[in-house]
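Q: I am new to this structure and would like a close look at a single part, namely the region where the domains meet. Please walk me through what is found there.

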Amino acid sequence: MARLVSVLEIRHRDPATQARAGILRTVHGDVRTPGFVPLATKATVKGLEPRDVKALGYDIVLGNTFHLFLTPGHELIRHFGGLHRFMRWDGAIVTDSGGFQVFSMGHGTVADEIKGRAPSGSERAGRILEIAEEGVRFRSYLDGSEKFMGPETSMEIQAALGSDLALVFDECTPFNVSREYTQRSTERTHRWLDRCVAWHTQHAPDHQLIYGIVQGGVYEDLRVESAEAVAARGVDGIAIGGSLGDHKEQMYEVVGWATRAIDDDARPRHLLGIGDVDDLIRGVELGIDTFDCAMPTRLGRHGVAVVPDPERRWRVDITGKRWERSEEPLMEGCPCPTCEAGMTRGYLRYLVRNKELSGLRMLTIHNLAYLARLMADLRDAVATGTLAERAKALRDGAPPRTGLL
Ligand SMILES: [Zn+2]
């Protein structure tokens, strides 16, 4: 339930936008905002150790309730004393509720596309058996066994994981559905929110904060209603989820409706599943405090590096033939451990194409380092009243400044 002391301390505001910079307080340390949250979906940031993640400048990671429920199971993680101890990460952890993954098994949507988080092959192999008021029955993608997840189950799993920020279980409304469906689904999300809050109030560990999730699809009135409904529940923070539209301008519009409707200084706002460079810049301007996304880690494992190149969506695929003999680094002047060590595109291409673990790891490190610097740059810009100039420069392809982490 809502704490007496605000969990978010806003230290600076940008006068021209809704951007703000500050500190999100958890018992596992402060999270500098606005900040990016790397995915540790299955209790690890793939290929990295906790000390790597820390060294890159991250305060918080995101674990996934759905995946950890299926394996190794929350009881096993509880046996180890919770997710922090299990994975030996002593910073903050947010856990996704599992709603997105459960519903992704049933819907493949344009929203997945725009959010860059389409369900992977293994997730698609699972199957929804029934969506009811009580919750969702589905088949595990691991062994085909029947599973159930509802609001209480999700909160119970997250309590066992002991995350610092728990997200309520919501129905993740897909893109290609009618307004009526979106409305019914959003209302169900609100009823599930009440059940999550009730369970959390009774049983959750004291340190765990709870975030409500705003749904409402691409309909302004539904989004605003949902934002107000969530804000009225006394949750500690507010996340924005569901379909945000089929193109970026629509996504920004939808996010803007929600953040304006929750004009609230005490509570952090999280944008679920968004992490492209331009989206992070715009998200900050729209008043988002934290973001999570598979993009930097997933792209890294596929040989794609994040670079300051707006023309090519801030990315370069180094697996192409043209890089075979390239002695260029991933990014000129990049202070990340990979570029600093002088790794060439040609060498990294060779490693990635041969699935050498060190190659996947070095690209992941570069990508996460880029986003960490980008967020530090934006935080500094908000603090120094220079957001307009910095946002423009970054959008135009300036590399994030170094030395601010
Ligand atoms: Zn680099």
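A: What follows describes the two domains, the contact between them and the core that they share. The model is a predicted one, and the description should be read with that in mind. The domain assignment of the protein divides it into domain 1, residues 8-293, and domain 2, residues 302-387, and the C-alpha centres of these two domains are 27 Å apart. Where they meet, 25 residues of domain 1 are in contact with 21 residues of domain 2. On the side of domain 1 that touches domain 2, strand 2 (20-26), strand 4 (35-37) and helix 12 (277-285) each contribute at least two residues, and helix 12 has the largest share, with five residues. By character, the residues on this side of domain 1 comprise 12 nonpolar, six polar and seven charged ones.

The contact region can also be considered together with the largest nonpolar core, which has 123 residues. Among the residues with the most contacts inside this core are V61, V168, Y211, A258 and A372. Helix 16, which spans residues 357-383, gives the most to the core, with 15 residues. Because both domain 1 (8-293) and domain 2 (302-387) give residues to this core, it lies between them.

To see one of these core residues in its surroundings, take V168, which, when residues up to four places away in sequence are not counted, touches S97, W192, L193, C196, I210, Y211, G212 and I213. Y211, one of the residues that V168 touches, is itself listed with V168 among those with the most contacts inside the core.

How values were computed:
Residues numbered from 1 in each chain as written. Predicted model: local features only at pLDDT ≥ 70, side-chain atom pairs only at ≥ 80, totals over all residues. Core = buried A, V, L, I, M, F, W, Y, C linked by C-beta atoms within 7 Å. Buried ≥ 20, exposed ≤ 12 C-beta atoms within 10 Å, placed from the backbone. Helix = DSSP H or I, 4+ residues; strand = E, 2+ residues; numbered from the N terminus. Domains from an automatic or database assignment. Contact = placed C-beta atoms within 7 Å. Nonpolar A, V, L, I, M, F, W, Y, C, P; charged D, E, K, R; others polar.
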